[in-house]
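Open the model in a viewer and follow the selections below in order. Each stop gives something to select and a short account of what is there.

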Amino acid sequence: MILEDHLLYVDITQICGIGCAFCMYADKHETGSNMELSILARENLGRLINSPSVKRISISGEGEPLNNIKTFHEILGLSGGGKAFEFITSGFFPHDKMAEFYERTNRIAASQGDTCNIRLSTDSHHIERVKWRAHGFSINYLLTHRPSNLTFSFRSIDADRSFARDYLISELNDWGMQSTIEPRGALEDALVVGGTTFSIDYKNLVHPLPNTPAGYLDLYGYIEAIENKTKKRFTLGSMNKAPTANGMDVTVKPDGNVYFYGLENRSIGNIHSDELDWEALSNHVTCTPLVRNLYTQPLADVLDQLSDQHLVRSIVEKANNPYWLIKEIEHHKGLLAEIESL
Ligand code: SF4
C-alpha cells in the first residue's frame, strides 16, 4: 500500500471566546487548555514535520489558535526548512497585534526557509462574531509589507457562496482595493486583487440543523466534488490529486494524543509519552483493518456495502462531512465491524 504526501494537523489550543453557533468544540472552551511542548513532544513533532513525505503542516485548534501563538512559533522553529505550514484562524486580534503576529511568523518562517499560509475563516458564522476583521487588513498588509514567506487564503462553510464573495469584495473595497471573484469549481473560488490571486475554499457545514438554509451539498455531493477536484475516488486520509497516491491525515490534539483524522475515538499514541514517526503510523494503517479499509476503499462504495442502509442514511443526514461521518459511525459497533471485514 503506497502512502505519500501526508498531512499533519496540530491542534494547539482548546481556548476560544468567539462562540460560533455551529462550533463542534464549544463544550471544550469553558475549561480548555493550550498545548505545551515537552522535550519528547518536540522530538516527535520535529521528526514528523521534517519527513520528506509531509506535504503540509496545518496549525489549528479545538479553539482559536491565536490563543497559543507561543506554541505555534515553537512548532515553526522545529522545522529544518523547506516546509509548507498553514495557520487556520478567524484573525480576531486587533490589527496592530495581528501585524505583530504576521511579522514574527514571517521572520521565523524566513529564517527556517519555510512558507506559512494564513487561512482566514470567511463565512457568516465567524464574521458576525468577530469585531476586528482581518481580511481587508491582511491583504493590505501583504501588498504593502510584502512579507517574503507568508501567503494568505480564505475558507468558508457557507452554503451560499455569495456571502464570502460579497464580503471579501466589500472588505477590500473599504481598504481601497478593487477585487474580482473567479469561480474555479464546486469547492473553490479565486479572489483576484491587482495581479495577485488568493484561493477561497468551501467546506461543508458538518451538522446542518433542521432549519439550515438549503444549498449545502449532501455527503455524496461533497464526495463527488472532492473526486472531481482530485480526479480520483474519495478514500479517507489526505487526498492528493492523481497521479500522486493519497497520504495519511494525522491530527495531534492539544493534550498530545494522536489520531488518524476522522477516527478520533482511537488514539494511536501521545507525543508526550510515545516515540512516533511516519513509518510506525504507516504500519498502523496496514495492520488495522478498519483504518486500512477506509484508506484503500472509496468511501461511497464502503457505505453502499453496509447492510443497514436505513441507518446509513440517517447518519449521512446528520454528518455531511466524510470525516465527521466516521465519528458518527463509531457509535454503531455493527457498522464498524462490517467495515472492518470488507
Ligand atoms: S472560532 Fe473556531 S473554535 Fe472558536 S467558536 Fe468559532 S468555530 Fe469554534
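Is Asp304 buried or exposed? Select Asp304 in this predicted model and display its surroundings. Asp304 is exposed, because just 10 other C-beta atoms lie within 10 Å, and a residue counts as exposed at 12 or fewer. Colour residues 299–305 next: this is helix H11, to which Asp304 belongs. Keep Asp304 selected and add His331, which is 27 residues away along the chain. A distance drawn between the two C-alpha atoms should read 19 Å.

Now move to a pair of helices. Select residues 289–296 for helix H10 and residues 333–340 for helix H14. Their axes are 8 Å apart, and the two helices pack at an angle of about 70°. H10 is therefore roughly perpendicular to H14, since angles of 65 to 115 degrees fall in that class. The crossing of the two, H10 and H14, is left-handed.

To see what forms this contact, show side chains on both helices. From H10, pick Pro289, Leu290, Asn293 and Leu294; they meet Leu336, Ile339 and Glu340 of H14. By class, the residues in this contact of H10 with H14 comprise five nonpolar, one polar and one charged.

The last stop is the ligand. Which residues are around the ligand? Select Cys16, Ile18, Gly19, Cys20, Cys23 and Tyr25, then add Gly63, Glu64, Ser90 and His126 to complete the set. Coloured by class, this shell around the ligand shows five nonpolar, four polar and one charged residues.

Conventions
Residues numbered from 1 in each chain as written. Predicted model: local features only at pLDDT ≥ 70, side-chain atom pairs only at ≥ 80, totals over all residues. Helix = DSSP H or I, 4+ residues; strand = E, 2+ residues; numbered from the N terminus. Buried ≥ 20, exposed ≤ 12 C-beta atoms within 10 Å, placed from the backbone. Axes fitted to C-alpha atoms, helices over the stretch in contact; angles between N-to-C directions. Parallel < 35°, antiparallel > 145°, perpendicular 65-115°, else oblique. Left-handed = near helix turned anticlockwise from the far one by under 90°. Contact = placed C-beta atoms within 7 Å. Nonpolar A, V, L, I, M, F, W, Y, C, P; charged D, E, K, R; others polar. Near = placed C-beta within 6 Å.
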